[in-house]
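Here are some notes for a first look at this structure. Please keep the model open while reading.

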Amino acid sequence: MKSNRSALRLLVPVCCVLFVAGCRQDMHNQPKYRPLRPSTLFADGSSARPLIDGTVARGTLNDDEALFSGKVGGAPVTEMPFAITPADLDRGQERYNIFCAPCHDQTGSGRGMVVQRGYRQPPSFHIDRLKAAEHGYIFDVITNGFGVMPDYRAQVDARDRWRIIAYVRALQLSQPTAADPAAGAPGAKPAGEQPATPPQPGGRGGQ
């Protein structure tokens, strides 16, 4: 029994040595290419392989034309491409406050902090022209930019763009219609014409 225990004590360290010896260094130093390293394996000398024709990365198929372009047959869509829930509106408000409010302000009147510091003022969302604009038109502007407004296709996911539009529609419902500066304010006086002097309190027409 004593000899068996002695043999066991010798066997354990021998097994450990054999196990360590069996772990070769090249098991974790495997041959591989780091990005943009040259290669002698491929004829063009590049380790970065071109995509096979027709390859579509996962999540980028974008086969829903209305959802991902805001258009169908080249015409802006007039309906939201998916049903908007209260959670979508909350998400739209969050994204709007991050990406849109700096210029358009939180009410959509176009007097954001960036504008107050000298950036060109965008039109108010509450003018008739933008209240009547198709959903797809606004989606296209967010996606591709317009005038001095940059595009936000990289910063804002397509579905979040629609959620922003839904929130803009909610803002439009919450505010009265504003005059469109491009069309002239209703009732504006012709250039050079002075407004009549209003009556003074307790007086006779300012006389």
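**Notes on helix α7, helix α8 and their surroundings**

1. Start at the end of a helix. Gly145, just after α7, takes a positive phi of about 80 degrees. Keep in mind throughout that this is a predicted model.

2. Now step back to the whole chain. The protein chain has eight helices and two strands. Read from the N terminus, the order of elements is α-α-β-β-α-α-α-α-α-α. The chain has 207 residues, and buried residues make up 24% of them. Its exposed surface is about 15,300 Å². Carbon and sulfur atoms supply 58% of that surface. Among contacts with a separation of 6 or more, 49% join residues 24 or more positions apart.

3. Return to α7, which spans residues 135-144. How many of its residues are buried? Seven of the 10 are, so α7 is mostly covered. The buried ones are His135, Gly136, Ile138, Phe139, Val141, Ile142 and Thr143. Their cover includes α2 (65-69), β2 and α8.

4. Look next at how α7 meets α8. The two helices pack at an angle of about 125 degrees, and their axes are 10 Å apart. They are therefore oblique to each other. The crossing of α7 past α8 is right-handed. On the α7 side, the contact is made by His135, Gly136, Ile138, Phe139, Ile142 and Thr143. On the α8 side, Ala158, Arg161, Trp162, Ile164, Ile165 and Arg169 take part. By class, this contact has seven nonpolar, three polar and two charged residues.

5. Helix α8 also packs with α3, which covers residues 86-99. Here the angle is about 90 degrees, with the axes 7 Å apart. That makes α3 roughly perpendicular to α8. From α3 come Asp88, Leu89, Arg91, Gly92, Gln93, Arg95 and Tyr96. They meet Asp160, Arg163, Ile164, Ala166, Tyr167, Val168, Ala170 and Leu171 in α8. By class, the contact of α3 with α8 has eight nonpolar, two polar and five charged residues.

6. Consider Arg163 in α8, the helix of residues 158-174. Is Arg163 buried or exposed? Its relative accessibility is 18%, and the cut-off for buried is under 20%, so Arg163 counts as buried. Leaving out residues up to four places away in sequence, Arg163 touches Phe82, Asp88, Arg91 and Gly92. Asp88, Arg91 and Gly92 also appear on the α3 side of the contact with α8.

7. Phe82 deserves its own look. Where is it placed? Phe82 sits in the loop between β2 (75-76) and α3. With a relative accessible area of 23%, Phe82 is partly exposed. Which residues does Phe82 contact, leaving aside neighbours within four places in sequence? They are Leu67, Asp88, Arg159, Trp162 and Arg163.

8. One pair shows how the sequence folds back. Phe82 and Trp162 are 80 residues apart in sequence. In space, their C-alpha atoms are 8.7 Å apart. Trp162 is in contact with Phe82, and Trp162 is also one of the α8 residues in the contact with α7.

Methods:
Residues numbered from 1 in each chain as written. Predicted model: local features only at pLDDT ≥ 70, side-chain atom pairs only at ≥ 80, totals over all residues. Heavy atoms only, no water. Helix = DSSP H or I, 4+ residues; strand = E, 2+ residues; numbered from the N terminus. Buried < 20%, exposed > 50% of the residue type's maximum accessible area, 1.4 Å probe, protein only. Contact = heavy atoms within 4.5 Å. Axes fitted to C-alpha atoms, helices over the stretch in contact; angles between N-to-C directions. Parallel < 35°, antiparallel > 145°, perpendicular 65-115°, else oblique. Left-handed = near helix turned anticlockwise from the far one by under 90°. Nonpolar A, V, L, I, M, F, W, Y, C, P; charged D, E, K, R; others polar. Areas by Shrake-Rupley, 256 points an atom, 1.4 Å probe, with all protein chains shown as cover.
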